[in-house]
Amino acid sequence: MPYHRAAAVLGELTAGQAPARAMTVWRAAQRAGRRLEEAAERLRRSVFVGGQVPEGGRRSAQLHAEADEVYLRGREQAEQACYLGGDGAHWVKQGLQYFPRACYRLAPFHRRRAFREALSPSEEVYGRVCRAIKAGDWAGVESALRQALRGRRGPARQRLLRLRGYLRENWDGIVASGEAPRLGTIEAEVFHVLARRMKRHGARWSDRGADHLARLLSERFDPQCRAVLSGRLLQVSPSVRRGTRQAVQRVIGQLEEDPTRWLRARIPALTGPQADKPWVQVLRHVTHARAPVA
């Protein structure tokens, strides 16, 4: 949720004892994100500079990594098969530099989308291209597309030319797929972990702020990183504890006496001479009421 909404929820959950200001929440998020960034940098240096290989919890026969505006890093082993999937972007293919023995694969989702934008499944050329791809025959793909171009004009021709260029640039990633397990989950991962929070209408991010928040969002799914964020619990003073108990007991007593009374009556304490007392602030949050503005 946005920072201002998170601040409001914190205020309600803590009966006003947590600083209910958006900037306070933002600063806390930046501090936590900075700690995650520092921890990640220490780990990176220990591996790539110090040569300390971290111990793994289990051994996998295959390593699958996907990329779509984010990097997923893994450790390659000599006996391990490694696959890197993406949408055809050049920066994704640069991941092969980090995994020298990795095999690049074009995500089936993006390949199918490119087909739908340029060809109709009812067309004969659609089936010809699919059969040529399955056979790993680039000459057959190009021949079918060249024949289809003869009857195309305007935007339809441009879409077909883009499809031919897209298939040519990613041909290695297409024929490498074979019958091995396919990739194709990164789109949903990016949406649910990052995009739903960070691509809100009107949202703007600095490089550092976006990096820190992205680390925090990802941390929810990585319990090993939670130790980095361990901090001090919210300290509540004895007077606030007493005030909270008094306010809750008062409300419970009124409900037991007459369950509908609180709907008919006003609460003078919210605007009376003790309106600034801690127990009144607790009562205000409990009732979700606000003092009127004079």
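In the predicted model, Asp 211 and Arg 215 are joined by a salt bridge between their side chains, with an N to O distance of 2.9 Å. Both residues belong to helix H10 (residues 207-219) and are four positions apart, so that about one helical turn separates them. Asp 211 is partly exposed, its relative accessible area being 27%, and Arg 215 is likewise classed as partly exposed at 27% relative accessibility.

Across the whole structure, four salt bridges were found. Another of these connects Arg 146 with Glu 142, where the closest N and O atoms are 4.0 Å apart. This pair lies within helix H6, with a spacing of four residues, or about one turn of the helix. Arg 146 is partly exposed at 41% relative accessibility, and Glu 142 is partly exposed at 23%.

A further salt bridge is formed by the side chains of Glu 123 and Arg 152, at 2.4 Å from N to O. The contact links distant parts of the chain, 29 residues apart: Glu 123 is in the loop between H4 and H5, and Arg 152 is in the loop between H6 and H7. Glu 123 is partly exposed, with 27% relative accessibility, whereas Arg 152 has 13% and counts as buried because the limit for that class is under 20%.

Aromatic contacts were also examined, and two aromatic pairs were counted. Phe 115 and Tyr 126 form an edge-to-face pair, with 5.5 Å between the ring centres and 80° between the planes. Phe 115 is in helix H4 (residues 108-118) and Tyr 126 in helix H5 (residues 124-134); the pair therefore ties together parts that are 11 residues apart in sequence. Phe 115 is buried, at a relative accessible area of 4%. Elsewhere, the ring of Tyr 3 has the charged end of Arg 197 over it, at 5.2 Å from the ring centre.

The largest nonpolar core comprises 26 residues, of which Leu 119, Val 129, Val 141, Leu 145, Leu 160, Leu 163 and Leu 167 touch the most other members. At least two residues of this core are supplied by each of strand S3 (103-106), H4, H5, helix H6 (138-149), helix H7 (154-169) and helix H8 (171-175). The greatest contribution is that of H6, which provides six residues.

On the surface, Val 248, Ile 252 and Val 286 make up a nonpolar patch of about 210 Å². Val 286 is located in helix H13 (residues 278-287) and is partly exposed, at 38% relative accessibility.

Technical notes
Residues are numbered from 1 along each chain as its sequence is written. This is a predicted model: local features need pLDDT of at least 70, side-chain atom pairs count only at pLDDT 80 or more; totals for chains, interfaces and linings use all residues. Side-chain values use heavy atoms; hydrogens and water are left out. Rings of Phe, Tyr and Trp (its six-membered ring) pair if their centres lie within 6.5 Å; planes under 30 degrees apart count as stacked, over 60 as edge-to-face and the rest as tilted. Buried means under 20% relative accessible area, exposed over 50%, partly exposed in between (1.4 Å probe, protein chains only). A charge sits over a ring if NZ of Lys or CZ of Arg is within 6 Å of the ring centre and within 35 degrees of the ring normal. Patches are made of residues with over 30% relative accessible area and no salt bridge: like charges are joined within 9 Å, nonpolar side chains (Val, Leu, Ile, Met, Phe, Trp, Tyr) within 5 Å. Accessible areas come from the Shrake-Rupley method with a 1.4 Å probe; for residues, only the protein chains shown count as cover. A nonpolar core is a set of buried Ala, Val, Leu, Ile, Met, Phe, Trp, Tyr and Cys residues joined through side-chain atoms within 4.5 Å.
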